[in-house]
Amino acid sequence: MRILHTSDLHLGRSFHGRSLFRDHELWCNELASICENLEVGAVLISGDVYDQASPRTDVIEQFSRLLTRLRARDVEVVVTSGNHDSAARLGFASQLLESAGVHFRTRIDDIRRPVTLVDGTLVYGIPYLDPRSAAAELGSNPTHHEVLGAAVAEAATDRQRRSNQHAIVMAHCFASGAEASDSERILDTGNLGVVSANIFDGFDYAALGHLHGRQIVRGNVRYSGSPLAFSFSEARHTKGFWLVETSEDALKIEGHEWEHTLELARLTGEFEELMSSPEYSWAESCLCQITVTDRRRPAHPMERLRTRFPEALELKFANLAPTNEDSYSSRMARAQSPVEACAAFYDQVRGRELDPSERAEIVSAVGQAVKRRAASDADASPAAGAEA
């Protein structure tokens, strides 16, 4: 039997303000096609189905369509809740859905209730457990390591009572030795959210979620990573999934890549070089994070960069000269003309001096205002009134 391990869908998420709904729809289509083409018998989703505890209606419908398509291909689905999910909402009607081949594991009681796949493989789905609320029920201290360790131990004890050949455990956690990215929510400060990978030793495979990079922690303890990137720190990730094939002797595990992914680019350079150099042509169709190294802030940088990189989403400055400590109020008090006052105001609001074309426009506008004021004063003078 072939079992596909994925996690951290984060349906409903955006990328620096850019909606990922369409990208998730394409990924759902791809997952359904892969399951058909590779004759996948089960899909394991190890937490963070949704990005928010209360997802939008269209996002819920998106996941519902995915489950329907997988079941139409006779694929069993096992889903655990992650730290982004609302366990109660995700697990709604779980007992009813169980009879339809969709197995949600969102409660502590679910730990003792494995899913038995058609080949006899046991799948123990452990939801994300908040240490403070789960410790008492599991009889452990309120730390991530001890709470999850107690939950896994209960699953391992249940597994020992059964004669099934293979057993898989699903968990949503930060295992020691794994590599994080900027897009995961911190489970606890000071490394208190880290758990030892040794707690999974009683199982043939540990299908982990939470970290967004696909990686092997050790042996058969693995993260599938997220199917899409959610931060520029994931620019070098290879997004994919693990395909676990069961046999009488052992498990065979293969890594596969998703075809649809977000192409990311992290560009650094001087502004004019970024705008003109063919060196950056490859990034013109990517989602871009751009760091400008000019000493002075160029005019309208994001607007101009988007003429070449339409999906530039984040702009940084790495080498700006120290700003003048001369305060805004003192510059305004010192101004000898309306143009100087406008220049001080512009610098305060935009963080840079006027460029020559902008200064020329202000000089022209001030000149016209002075002429209109002079004409108005002349019309209002006593002599002008007597003549009228």
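The second largest pocket of this predicted model encloses about 330 Å³ of space. A pocket here is an open set of points on a 1 Å grid over the protein atoms alone, with protein on both sides within 12 Å along at least five of seven lines, and lining residues have an atom within 4 Å of a point. Grid points are joined across faces, edges and corners, and the volume is the space filled by probe spheres set on the points. The lining comprises 20 residues, of which Tyr50, Arg89, Leu90, Phe92 and Phe104 are the closest to the centre of the pocket. Two or more residues each are given by H2, helix H3 (87-90) and strand S6 (102-105). Helices (H or I, at least four residues) and strands (E, at least two) are DSSP runs numbered from the N terminus. The largest contribution to this lining is that of H2, with five residues.

Residues are numbered from 1 along each chain as its sequence is written. Local features need pLDDT of at least 70 and side-chain atom pairs count only at pLDDT 80 or more, while totals for chains, interfaces and linings use all residues; side-chain values use heavy atoms, with hydrogens and water left out.

A cavity, by contrast, is a set of grid points where a 1.4 Å probe fits but cannot get out. Two cavities of 30 Å³ or more are counted, and the largest cavity holds about 90 Å³ of space. The largest cavity is lined by Pro127, Tyr128, Leu129, His144, Val147, Leu148, His172, Cys173, Leu187, Gly193 and Val195. Helix H6 (residues 144-160) supplies the largest share of this lining, three residues.

Five aromatic pairs are present. Rings of Phe, Tyr and Trp (its six-membered ring) pair if their centres lie within 6.5 Å; planes under 30 degrees apart count as stacked, over 60 as edge-to-face and the rest as tilted. Tyr50, one of the residues closest to the centre of the second largest pocket, pairs with Phe63: the ring centres are 5.9 Å apart and the planes stand at 80 degrees, so the arrangement is edge-to-face. This pair links distant parts of the chain, 13 residues apart, with Tyr50 in the loop between strand S4 (42-46) and helix H2 (57-72) and Phe63 in helix H2. Buried denotes under 20% relative accessible area, exposed over 50%, and partly exposed in between (1.4 Å probe, protein chains only). Tyr50 is buried at 9%, and Phe63 is buried at 3%.

Phe241 and Trp258 form a tilted pair, with 4.5 Å centre to centre and 45 degrees between the planes. Phe241 belongs to strand S15 (residues 240-245), whereas Trp258 lies 17 residues apart from Phe241 in the loop between strand S16 (252-257) and strand S17 (264-269). Relative accessible areas are 1% for Phe241, which is buried, and 5% for Trp258, also buried. Ring pairs join Trp27, Phe241 and Trp258 into a cluster.

Two arginines are placed over the ring of Trp242: Arg214 at 5.2 Å from the ring centre, and Arg222 with its charged end 4.6 Å from the centre. A charge sits over a ring if NZ of Lys or CZ of Arg is within 6 Å of the ring centre and within 35 degrees of the ring normal.

Five of the five residues of strand S12 (residues 205-209) are buried, so S12 is largely enclosed by the rest of the structure. Both faces are covered, with Tyr205, Ala207 and Gly209 buried on one side and Ala206 and Leu208 on the other. Two strands pair if DSSP finds at least two bridges between them. S12 pairs in the parallel sense with strand S9 (residues 167-172) over five bridges, and Val169 stands opposite Ala206. Three bridges connect S12 to strand S14 (residues 221-223), again running parallel, where the bridge partner of Ala206 is Val221. In the loop between S12 and strand S13 (215-218) is His210, a non-glycine residue with a positive phi of about 120 degrees. His210 is buried, at 3% relative accessibility.

Asp74 also has a positive phi, near 65 degrees, without being a glycine. Asp74 occupies the loop between H2 and strand S5 (76-80) and is exposed, with a relative accessible area of 59%.

An open sheet of three strands follows the order S17-S18-S19 with parallel pairing. S17 and strand S19 (312-317) are the edge strands, each pairing on one side only. Strand S18 (residues 287-292) is joined to S19 by five bridges, among them that of Cys288 with Ala312.
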